[in-house]
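User: Please take a close look at one part of this model, the open sheet, and follow it outward to the pockets and the ligand shell.

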Amino acid sequence: MQATRRDFLKASTLGGVAATVLGFDLAPVYAQSKELKIARTTETRSTCPYCAVSCGVIIHTLGDKAKNVTAQVVHVEGDPDHPINRGTLCPKGASLYQDILNDRRLLKPEVRRPGSDHWEDISWEKAIDEIAHKVKKTRDDTFVETDDQGRTVNRCEGIGFNGGCTDTNEFNYLVVKTMRSLGVCYLENQARV
Ligand code: SF4
């Protein structure tokens, strides 16, 4: 006989009811399986990067980071001590583990040249150098000293900055100082981490 998904769910539910009726308490079993998963892991507290709610998470890694040992993330869960989420995570936050271990995750910079249909690898040094040159040229080309009524405004209208949600307050402080010193007006971030 072929069991359907519905049959399986029904059987699971009946199993749970039977266990309760017969006096079995499955809670310790579930708790122990979770305990085994995170036994011997290192806990790192962090913040979910997906939205401005900024829920606290605990990232569990295995491996003592000794020579030749690369620490491996094995579990991510909500931080019960965090005042915002108190241990809960929405489905997006609960999938963080898959984000961290995704083999399609970019770990190096890439560039798509004007008119090109593909991305190329670029070194960090070259990327930073190219960005610096483009910022300088764009600012030179678009800087506005006075508005149409002759008032001094000294602003750069050709550059916008959008900060990522995992940027820390300290990083955002430096970004604001840097962008304002360039005269950039279009500036946004999620200064909250
Ligand atoms: S867990 Fe969900 S609600 Fe919390 S910060 Fe992440 S995406 Fe936002």
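Analyst: What follows begins with the strands, moves to the pockets and ends with the ligand.

The model is a predicted one, and its sheet is open, with three strands in the order β1-β2-β3 and antiparallel pairing. The edge strands are β1 and β3, the latter covering residues 72–78, and each of them pairs on one side only. From one strand to the next, the twist averages 30°. In general, the strands of a sheet pair through backbone hydrogen bonds, in either a parallel or an antiparallel manner.

The pairing of β2 with β3 can be followed residue by residue. Strand β2, residues 56–62, runs antiparallel to β3 and is joined to it by six bridges. Along this pair, Val 57 stands opposite Gly 78 in β3, while Ile 59 has Val 76 of β3 opposite it. Although β3 is an edge strand, six of its seven residues are buried, that is, under 20% relative accessible area, so this strand is largely enclosed by the rest of the structure.

Ile 59 also leads from the sheet to a pocket, since this residue belongs to the lining of the second largest one, together with Ser 46, Thr 47, Cys 48, Pro 49, Leu 96, Asp 99, Ile 100 and Arg 105. Two elements, β1 (42–47) and α4 (96–100), each give two or more residues to that lining, and α4 supplies the largest share, three residues. The volume of this second largest pocket is about 160 Å³, and its lining is mixed in class, with five nonpolar, two polar and two charged residues.

The largest pocket has a volume of about 270 Å³. Its lining consists of Ile 128, Ile 131, Ala 132 and Val 135, which divide into four nonpolar residues, with no polar and no charged ones.

The ligand, finally, is surrounded by Cys 48, Tyr 50, Cys 51, Val 53, Ser 54, Cys 55, Leu 89, Cys 90, Lys 92 and Gly 93. By class, this shell has seven nonpolar, two polar and one charged residues. Cys 48 appears both in the shell around the ligand and in the lining of the second largest pocket, just as Ile 59 appears both in that lining and in the pairing with β3, opposite Val 76.

How values were computed
Residues are numbered from 1 along each chain as its sequence is written. This is a predicted model: local features need pLDDT of at least 70, side-chain atom pairs count only at pLDDT 80 or more; totals for chains, interfaces and linings use all residues. Side-chain values use heavy atoms; hydrogens and water are left out. A residue is near a molecule or strand if one of its heavy atoms lies within 4 Å of it. Ala, Val, Leu, Ile, Met, Phe, Trp, Tyr, Cys and Pro count as nonpolar, Asp, Glu, Lys and Arg as charged, and the others, Gly among them, as polar. On a 1 Å grid over the protein atoms alone, a cavity is a set of points where a 1.4 Å probe fits but cannot get out, and a pocket is an open set with protein on both sides within 12 Å along at least five of seven lines; lining residues have an atom within 4 Å of a point. Grid points are joined across faces, edges and corners, and a volume is the space filled by probe spheres set on the points. Helices (H or I, at least four residues) and strands (E, at least two) are DSSP runs, numbered from the N terminus. Two strands pair if DSSP finds at least two bridges between them. Axes are lines fitted to C-alpha atoms, for helices over the stretch in contact, and angles run from 0 to 180 degrees between N-to-C directions. Buried means under 20% relative accessible area, exposed over 50%, partly exposed in between (1.4 Å probe, protein chains only).
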